[in-house]
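Visitor: I would like to learn how to read helix packing, a pocket and the setting of single residues in a model. Could you take me through them, one feature after another?

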Amino acid sequence: MSKTSVQLRFKNGELVNVYQALQEYKLKGRASLGRTWLGKRLADADKQFNEDRIATQKVYFQTDDDGGFVYQADKKTLILKDDYTMAEAQSNFDELIKEEITIDVSQYSARIKALYQALEDYPYEMDGQVAQVYAILFDELDKAYGKGE
């Protein structure tokens, strides 16, 4: 009998915030193991996103002979290649930020389900970014486990 695939989906632009918020939650047991496992996958996905971001920037912005970016005199602003506009570069970068990544959690479903259950009954108050990210994370966990797996 084949196991059902359980997946969580996040946008590239959410990865760091979800990872950081996960670290703020007070968890123990399997829920903590689920957090650690998911945090590692989020960090890996963010590393890939950063590589993709740099590759995208290298399409639009000038680089030196060593592959490093060339900056304007302020040493903060990248210099566009002649063939492109800032609007084109920004549009492409915005697409990359909104791109959805999928994390298959099937292999560690019991741990991730424990994380879901711990967050479902989370007894501590949250505010600010941690609360906003809770909504994103819990929504994804609820899609995966809220149907009574």
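Guide: What follows goes through helix pairs, then the largest pocket, and then a few single residues. Please keep in mind throughout that this is a predicted model.

Visitor: Let me start with the helices: at what angle do α1 and α2 pack, and how far apart are their axes?

Guide: For a pair of helices one reads the separation of the axes together with the angle between them, and then the hand of the crossing. Here helix α1, residues 15-24, packs on α2 at an angle of about 155 degrees, and the two axes are 9 Å apart. Angles over 145 degrees count as roughly antiparallel, and therefore α1 is described as roughly antiparallel to α2. As for the hand, α1 passes α2 in a left-handed crossing.

Visitor: How are α2 and α3 oriented, roughly parallel or roughly antiparallel?

Guide: The reading proceeds in the same order, beginning with the angle. The axes of α2 and α3 cross at roughly 165 degrees and come within 10 Å, and the two helices are therefore roughly antiparallel to each other. The hand of this pair is right-handed, as α2 passes α3.

Visitor: And at what angle do the axes of α2 and α4 cross?

Guide: The axes of α2 and helix α4, which spans residues 109-120, cross at roughly 110 degrees and come within 7 Å. Because the range from 65 to 115 degrees counts as roughly perpendicular, α2 and α4 are placed in that class. The crossing in which α2 passes α4 is left-handed.

Visitor: Turning to the largest pocket, how much space lies in it, and which residues line it?

Guide: With a pocket one asks about its volume, then its lining, and then where that lining comes from. About 160 Å³ of space lies in the largest pocket. Its lining is formed by Thr56, Gln57, Tyr60, Phe61, Lys76, Thr77, Leu78, Met86, Ala89, Gln90 and Phe93. The elements that give two or more residues to this lining are α2, residues 29-60, and α3, residues 86-98.

Visitor: Which element gives the largest share of that lining, and how do the lining residues divide by character?

Guide: The largest share comes from α3, which supplies four residues. By character, the lining of the largest pocket divides into six nonpolar residues, four polar residues and one charged residue.

Visitor: Next, single residues: where is Lys75 found, and is it buried or exposed?

Guide: For a single residue it helps to read its backbone, its place in the chain and its accessibility side by side. Lys75 is found in the loop between α2 and α3, and its phi is near 60 degrees, a positive value in a residue other than glycine. The relative accessible area of Lys75 is 69%, and because over 50% counts as exposed, Lys75 is classed as exposed.

Visitor: What separates Thr63 from Ile79, along the chain and between their C-alpha atoms?

Guide: Here one sets the separation in sequence beside the separation in space. Thr63 is found in the loop between α2 and α3, and at 34% relative accessibility it counts as partly exposed. Thr63 and Ile79 are 16 residues apart along the chain, while their C-alpha atoms are separated by 8.6 Å.

Visitor: How do Asp44, Val105 and Tyr122 read when they are taken in that way?

Guide: Asp44 is found in helix α2 and counts as partly exposed, at 38% relative accessibility; its C-alpha atom is separated by 9.6 Å from that of Leu15, and these two residues are 29 residues apart along the chain. Val105 has its place in the loop between β2, residues 100-104, and α4, and at 0% relative accessibility it counts as buried. The C-alpha atoms of Val105 and Arg41 are separated by 9.4 Å, with their positions 64 residues apart along the chain given as the sequence separation. Tyr122 lies in the loop between α4 and α5 and is buried, with a relative accessible area of 14%; Tyr122 and Val59 are 63 residues apart in sequence and 45 Å apart in space, C-alpha to C-alpha.

Notes: Residues are numbered from 1 along each chain as its sequence is written. This is a predicted model: local features need pLDDT of at least 70, side-chain atom pairs count only at pLDDT 80 or more; totals for chains, interfaces and linings use all residues. Side-chain values use heavy atoms; hydrogens and water are left out. On a 1 Å grid over the protein atoms alone, a cavity is a set of points where a 1.4 Å probe fits but cannot get out, and a pocket is an open set with protein on both sides within 12 Å along at least five of seven lines; lining residues have an atom within 4 Å of a point. Grid points are joined across faces, edges and corners, and a volume is the space filled by probe spheres set on the points. Ala, Val, Leu, Ile, Met, Phe, Trp, Tyr, Cys and Pro count as nonpolar, Asp, Glu, Lys and Arg as charged, and the others, Gly among them, as polar. Buried means under 20% relative accessible area, exposed over 50%, partly exposed in between (1.4 Å probe, protein chains only). Axes are lines fitted to C-alpha atoms, for helices over the stretch in contact, and angles run from 0 to 180 degrees between N-to-C directions. Angles under 35 degrees count as roughly parallel, over 145 as roughly antiparallel, 65 to 115 as roughly perpendicular and the rest as oblique. A crossing is left-handed if the near helix is turned anticlockwise from the far one by less than a right angle, and right-handed if clockwise.
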